[in-house]
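User: I should like to understand the terms used for this structure. Please set each value against its definition before drawing a conclusion.

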Amino acid sequence: MTLLIEPDYGTPSSVRTEMVNVEIDGHAVTVPADTSIMRASLEAGIDIPKLCATDRLKAFGSCRLCVVEIDGRNGTPSSCTTPVTDGMKVSTTSDRIDRLRQGVMELYMSDHPATCAAGDECEMHAMAERVGLKAIRYSGRTHLDVPKDESNPYFTFDSTECIVCNRCVRACDEVQGTFALTIENRGFEARVSSSGTSFIESECVSCGACVQACPTGALTEKTLYTIGTPTRTVITTCAYCGVGCSFKAEMKGDELVRMVPFKDGGANEGHSCVKGRFAWGYATHTDRVTTPLIRESITDPWREASWEEAIGFASSRLKSIQAKYGTDSIGGITSSRCTNEEVYAVQKMIRAAFGNNNVDTCARVCHSPTGYGLSQTFGTSAGTQDFESVAHADVILLIGANPTAAHPVFASRMKQALRKGAQLIVVDPRRIELVRTPHIEAAHHLGLMPGTNVAIINALAHVIAEEGLIDRDFVNARCNLESFAAWEAFIRLPENSPESLEGATRVPASQVRAAARLYASAPNAAIYYGLGVTEHSQGSTMVMGIANLAMATGNIGRLGVGVNPLRGQNNVQGSCDMGSFPHELPGYRHISNPKTREIFEKIWGRTIKAEPGMRIPNMFDAALAGKFMGMYIQGEDIAQSDPNISHVHAALRSMEMIIVQDLFLNETSKFAHVFLPGTSFLEKDGTFTNAERRINRVRPVMPSKTGKTEWEATCDLAAAMGYEMHYENAAAIMDEIAATTPTFAGVSFKKLDEMGSLQWPCNDKTPLGTPVMHVDQFVRGEGRFMQTPFVPTDEKASRKFPLLLTTGRILSQYNVGAQTRRTANVVWHSEDILDIHESDAQLRGVTDGSWVKLSSRVGETILKARITSEVPAGVVYTTFHFPESGANVITTDYSDWATNCPEYKVTAVEITPSLRGPGEIHEHEMSADVQLESIVRMANQIAANVPQGAAPEHAVAHHIVQFWTPAMRQRLHSDVDRSQLSPIVIAAMKLELSGSTS
Amino acid sequence: MTIVYVPGDSAARSVGADQVAIEIASQANARGLDVQIVRNGSRGALFLEPLVEVLTSSGRIAFGPVSADEINSLFEADFLNGGDHVLALGKSDEIAWLAKQDRVTFARVGIIDPLSISDYESHGGLTGLRKALDMKSEDIVEQVTASGLRGRGGAGFPAGVKWRTVLNTVGEKKYICCNADEGDSGTFADRMVMEGDPFMLLEGMTIAGIAVGATEGVIYIRSEYPDAIEMMKKAIVLANEFGSLGENILGTERSFHVRIRVGGGSYVCGEETAMLESIEGKRGVVRSKPPLPAIEGLFGKPTVINNVLTLATVPAVMSGGADAYKARGVGRSVGTQVFQLGGNIARGGIVELAFGTTLGSLINDYGSGTFSGKSIRAVQIGGPLGAYLPASSFDVSMDYESLLAAGGMLGHGGLVLFDESVDMAIQAKFAMEFCALESCGKCTPCRIGSTRGAETITKIIDGQDIDGNKRLLLDLCEVMTDGSLCAMGGLTPLPVRSALLHFPEDFDSRIGATK
């Protein structure tokens, strides 16, 4: 393969539909009205010289190279800024035009280096040659002595090569929306400037849009100098967040020179962020472990082993655990960082080779409530829109998400829509960047207290119902009317009014009312949300509340509307799709359904258990109870990322065989007996599915550094466990997925390679995929309204812990930081910081930049404080990117009632000044029978939260049967002191035993 | 009580009008005389400033140019009653320099108290607006179109056509932008209108607003005009109080609001699209057209952009009718032009005449030749980007088309005179230097070309390879003319080429030339 040069049409395509006929240099061409002459010319195969024009940016008209002559018009207009009109006749060359272009290039070259350090990256010399420039007759002042700005770790700005075409400035404004760059001074002194300071000190977010836009060597990736010019391109998919950007991996031999966003990438359309664009160095970092490691005990040192020895050691111990503790005593976790094919293989290994359903995934701790909530209401566990849809929204309701940090490329799309006039409502305790940022200001910021999401969504819905803003035509046509009537009666209760809930949310009722009216009256209103919605004790309730709101206002089933979870990890959608949950087979089909099981049993040749397996926290509880002793952990650092780390560590420590498959030794591998080296995304062959259900190809750009693909290692372990799993290649795994899973029926690597990407459902009915879901009807048929009573979390601010801690992410770092901490991104963020409001800081004698001790009822840690008004009084905030700060030492076991997604977003804490920096992380003691405690808490929580109806015990019993393992149900019946249980739970237990729920 | 007029116009103030006013007041007080001083605008005969006028029973009697030292003698000569004095000029209206003119736009300037609405009304003010308020939008646009009024900012584009485009463009909001970034050397008419008859400009803008459906107007005034800015601000407050501006104009349903935006201090901000950027709070950088500002202008909304003189002429077109206005002038250049005489000239100031007078008549009959008394060598018409014409072209008719045919342009109507001592190579270099200093820096021909142009002319002046550098200069002029994004770079070659054409000797025979 060679280096891929994407065509550049110079100006964006026209949005008009009527066509016009024009003649360019005698060639007839038909193009949409308002197409530029430049673009129309390229359609006719005529490439007009250009420097300042590029098709990702609005026409600018500054370089004056693209001038043309038009019959019947005076002058030489620039072809980029002049739209074609019907019957127009254009000449793109003539003596006069040739002279002009030579004259322009002569001027350019009179202030440009004679040779460019960036080689072919700089278009100038080639352009000079192309227009026939013979000599440069001018001499005089130049900018050739301006020093380089090398401050950014990833790219240089060399002003001597800059031609002031403004492409970088415009890319920063129009594409990224950060407005970090400008032109300083005017006339000959006009220079590109990162607003008067060095790039690193500026507002620049290093998205790389400017570097990509630059036609010269002025803005260049440093690797181009250190590694050299790339010679081949592989199109692949970024492995960071759930946006799933397509990239051109530009290679020199087997070395990656740079990642350049791919213009035809459906998710990103040529844009990128600092992580995907630049922070890929971890993939080849020297910390990578590339040989298997084993040890008898976690107190022993690691020793290198062959694949055979490692697999043999792991399998024999897993088998002996099963022999000793039973089939259900082992299990595994799939990774949202891995490909669909790798994930599918792991869940298959667990179900077929381990013989149980003890498979869960890291989505448990992020978007499991999305799966639950959207399934209940819409019938499927996924966002309803493609990303492009946001461009058609009139109002955007953004809840518990911080896209500019966590989903930057989607944030840029959103900012484009907002700059075009869409209105924004932000629901977040923190004043996130989108509340007010250049050329954007939210119409409303509902700065609620953490833990009161459901109160806000109910208050919004109450106003909509009370003020006659319900779209009854939509509801009547599309929704289940019985559920709607019950919901309407519920939501109109006075207790759900903004006035009643003001005390809990601390959001003025008038503001809630205004926001509700804005959302409900918009022609197209779209909801986007993040982990600020799901990671709560009522995460699932909130997701259902969001779905109710969208259905009640008719904002489902077309462009510009919808309910859209912003997914955290690159393949969290895919890992859920692939049957990673203990109660579901691929395609979100419940394990109890014999017909579904039969499909897989036939192909797999094994019987699948009909009862759900353990969720991650259940596994930890069972481990501490001595009943869960072996675990296969695919690419997830649960010892850092999961809440109440002391609990997690104790559970891991108590197990007899932990297999970690990862790129690096990490917190979790400290408890492991076998370490299987994983492959980076640059070595993987497979697919990732992003937040818009888009299945993207991940292609290997270099050979595996471990000698194996990850799914091969999984197959080897399965085989060693006594179950043969074999695939020719990754494509064959996808073929099996397609054969077993209706929503993937039409997907294959071949088709993906042809189409670029596909959004599921993709089958006979929708062979090209489904950008927007629920268009004519909901997946479940009728949309179902769910009652969403607000039940405050048990995690409350108290006298001892008066502040509420909420956690989140920052742009330059990613999740537990295993990748980004191994890149130059640490320049921007080298430690986790605790954000605290000035009044809370003053009260405690905390000063900006000082060390503070952060303690909750489960643990304490030490962080540096930053005083800021981004958090309200009473709320503190931090990130969890660094293991040293141990933010999850603080977070508790509390979780979503329906899915056990941890309540990361609310922890009662206290802050005290600390004289010393971080040292020992302090973990508190645990009670004796953690599993039993969890079972009581979970049961009571379900009873408090299931949609209240005439017989809530039925709903509770149904829920327990659907999601609990038989062993947990057994303990509920036999070991729990009934006085600890709510009467509804006791009633449900009777029903469950009588079997009247299934 | 006697009314004495002492101009408050900044040109008059620059030659001592304030001291004159103070001195008159203090001496009148000392003499126990009841004098009321009115700070009027300037009548435009700048060589007579400070021009003091006394309202007597036989009309306004003029004295000038008056200095504070001469106030005592004026009182001694009983000037308050029209007494004779060496500075006496007779009846103001009969001063030949003024009386010969055909004042339409400048009819009230220098005559009324600029901030007196009653003065304004009693001299015909608000008649045009009252008529317009009774008319349909289309009919107002039609009348302006029929009058043949063309943009006075320099391009000469028919005002009615521009207005019609805005009228016909659908938009929830539309704007009227008045370009008062009067930056051409040798021009001052916009300033004098704003300082001498501000309500006229507001009236013109309001009529434009009613005509195209705009409810908001912005006057972009260059920061170097502090007096004009103050005057316009006061006039806006007074007009709002009076009801000729703001909500429910003169009791009708129409509304129009005007605000002032002070210029960014760059010449190129006078280019209409750069002005829009500047009003929006951005760098004053030229936009490419299309889209036309009439369709996507200020904040992306349909916008009328007219120069001060254009908008200030609208009330007269409305009150006097299209035909009366069109009756003046020649060919497609109808109505009057406010010429501004400056530079090395004996009698500088405002000369408003119908199009079609000759260049020679303006310079000789009104200007009376050079200030230095030396012979005339060149006149630059239309600002720093205008052509230099030699004395041999003085019979050219002063209208848009004739000047174009003569290789020049009317521009904003400023004339700057040079005597025989001028070095035209230096002037050509100045044109390039001006462009280099003021270029917004967007397009290549202007951004780099202007600096290269100045450097190349310097080489010619230094006698380096004169022929080669002249060829290079002419090539550059072609690239700048045909390749520049706006008139700034596009017209800079005009003075350079005209200097090369008409005064080649200044380039060819440099001292120390090394041909």
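User: What makes B:R13 and B:D227 a salt bridge?

Analyst: A salt bridge is a side-chain nitrogen of Lys or Arg within 4 Å of a carboxyl oxygen of Asp or Glu. In this predicted model, the closest N and O atoms of B:R13 and B:D227 are 2.4 Å apart, so the pair satisfies that rule. B:R13 belongs to helix α1 (residues 10–14) of chain B and B:D227 to helix α11 (residues 226–242) of chain B, so the bridge ties together parts that are 214 residues apart in sequence. Helices here are DSSP runs of H or I with at least four residues, strands are runs of E with at least two, and both are numbered from the N terminus.

User: Why is B:R13 called partly exposed?

Analyst: Buried means under 20% relative accessible area and exposed over 50%, with partly exposed in between (1.4 Å probe, protein chains only). B:R13 has 34% relative accessibility and therefore counts as partly exposed. B:D227, at 21%, also counts as partly exposed.

User: On what conditions do such values rest?

Analyst: The model is predicted: local features need pLDDT of at least 70 and side-chain atom pairs count only at pLDDT 80 or more, while totals for chains, interfaces and linings use all residues. Side-chain values use heavy atoms, without hydrogens and water; residues are numbered from 1 along each chain as its sequence is written, and chains are lettered from A and ligands numbered from 1 in the order in which they are written.

User: What distance is found between A:D47 and A:R130, and what does their salt bridge connect?

Analyst: The closest N and O atoms of A:D47 and A:R130 are 4.0 Å apart, and the pair forms a salt bridge. A:D47 lies in the loop between α1 (37–43) and β3 (69–70) of chain A and A:R130 in helix α3 (residues 124–130) of chain A, so parts 83 residues apart in sequence are tied together. A:D47 is partly exposed at 39%, and A:R130 is partly exposed at 43%.

User: Are A:E221 and A:R258 buried or exposed, and what joins them?

Analyst: Both A:E221 and A:R258 are buried. Their side chains meet in a salt bridge of 2.9 Å, N to O.

User: How do you know that β9(A) and β10(A) pair?

Analyst: Two strands pair if DSSP finds at least two bridges between them. β9(A) and strand β10 (residues 246–252) of chain A have six bridges in the antiparallel sense, so the criterion is met. Within this pairing, A:T236 stands opposite A:F247 in β10(A).

User: What makes chain A and chain B partners in contact, and how much area is buried between them?

Analyst: Contact means heavy atoms within 4.5 Å, and 35 residues of chain A are in contact with 32 residues of chain B. Buried area is the accessible area (1.4 Å probe) that two parts lose on being put together, summed over both. For chain A and chain B that area is about 2,800 Å², of which carbon and sulfur atoms give 51%. A:L107, A:Y138 and A:R186 supply 24% of the area that chain A buries against chain B, more than any other three residues.

User: How many salt bridges cross the interface of chain A and chain B?

Analyst: The rule finds four salt bridges across that interface. One salt bridge joins B:E438 and A:R186 at 3.1 Å, N to O. Over all chains, the structure holds 81 salt bridges.
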